[in-house]
Amino acid sequence: MPQPFTLVGANGQPYASAVPGTLGGHRGGKLYGRLDCRAALQALARGGYVRQRVFFADEATAVAAGYRPCAVCMPEAYARWKSEASSRHVRTRND
C-alpha cells in the first residue's frame with residue numbers, strides 16, 4: 001500500500017492524501033509555488049527549507065490557508081497578490 005502524502009488544507013492543518021500535492025510551499029515564509037521552482041530547489045539543495053516544506057493540492061487551497069505566491073516561479077500571481085495587498089494596506093490606513 002503506497003504511503004499517503006501529507007498536504008496542508010485550506011484551514012492550514014495537515015492531512016493525509018492518496019495523491020501528491022501540485023504546489024509546494026514554505027511554512028515560515030507563508031509562500032507557495034511550483035514544484036520545479038528554481039528558488040525552492042536551490043534552497044533545498046543547500047539543505048535549507050526541508051523542515052518548513054509543505055504541499056498543497058491546488059492554488060485555491062494555498063491561498064485559503066494564508067499563503068502568498070512565489071515571486072520567482074509565479075510572477076504574475078505574485079504581482080496580483082502584491083497589488084491587492086497594497087490596496088488593502090492603503091484602505092486600512094485611510095479608514
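**Hairpins, a mixed sheet and three cysteines**

Me: Start with the β1–β2 hairpin: which residue takes a positive phi there?
Reply: Gly12, with phi near 85°. The model is predicted, and in it this hairpin has 5 residues between the strands.

Me: How do β1 and β2 run, and how many bridges join them?
Reply: They run antiparallel, and 4 bridges join β1, residues 5-8, to β2, residues 14-17.

Me: What is the bridge partner of Thr6 in β2?
Reply: Ala16 is the partner of Thr6.

Me: On to the open sheet. What is the strand order?
Reply: The order is β5-β3-β4-β6, so to read it across, with mixed pairing among the 4 strands.

Me: Which ones are the edge strands?
Reply: β5 (53-56) and β6 (68-69) are the edges, and each of them pairs on one side only.

Me: And β3 with β4, in what sense do they pair?
Reply: Antiparallel, over 4 bridges, with β3 covering residues 23-26 and β4 covering residues 31-34. One of the bridge pairs puts Gly24 opposite a glycine in β4, Gly33.

Me: What holds strands like these together in general?
Reply: Strands of a sheet pair through backbone hydrogen bonds, in either a parallel or an antiparallel sense.

Me: Change of topic. How many salt bridges are there?
Reply: The count is 1. Asp36 forms a salt bridge with Arg34, and the closest N and O atoms are 2.8 Å apart.

Me: Are those two residues buried or exposed?
Reply: Neither extreme. Asp36 is partly exposed at 47% relative accessible area, and Arg34 is partly exposed at 39%.

Me: Now the cysteines. How many disulfides?
Reply: The count is 0. Cys70 is in no disulfide, and the nearest cysteine sulfur to it, that of Cys37, is 3.8 Å away. Cys73 is in no disulfide either, with the sulfur of Cys37 again the nearest, at 3.6 Å.

Me: Why does neither distance count as a disulfide?
Reply: Because the two sulfur atoms have to be within 2.5 Å. The 3.8 Å from Cys70 to Cys37 does not meet that cut-off, and nor does the 3.6 Å from Cys73 to Cys37.

Me: Is Cys70 buried or exposed, and what about Cys73?
Reply: Cys70 counts as buried, with 9% relative accessibility. Cys73 counts as buried too, at 8%.

Terms used
Residues are numbered from 1 along each chain as its sequence is written. This is a predicted model: local features need pLDDT of at least 70, side-chain atom pairs count only at pLDDT 80 or more; totals for chains, interfaces and linings use all residues. Side-chain values use heavy atoms; hydrogens and water are left out. Two strands pair if DSSP finds at least two bridges between them. Helices (H or I, at least four residues) and strands (E, at least two) are DSSP runs, numbered from the N terminus. A salt bridge is a side-chain nitrogen of Lys or Arg within 4 Å of a carboxyl oxygen of Asp or Glu. Buried means under 20% relative accessible area, exposed over 50%, partly exposed in between (1.4 Å probe, protein chains only).
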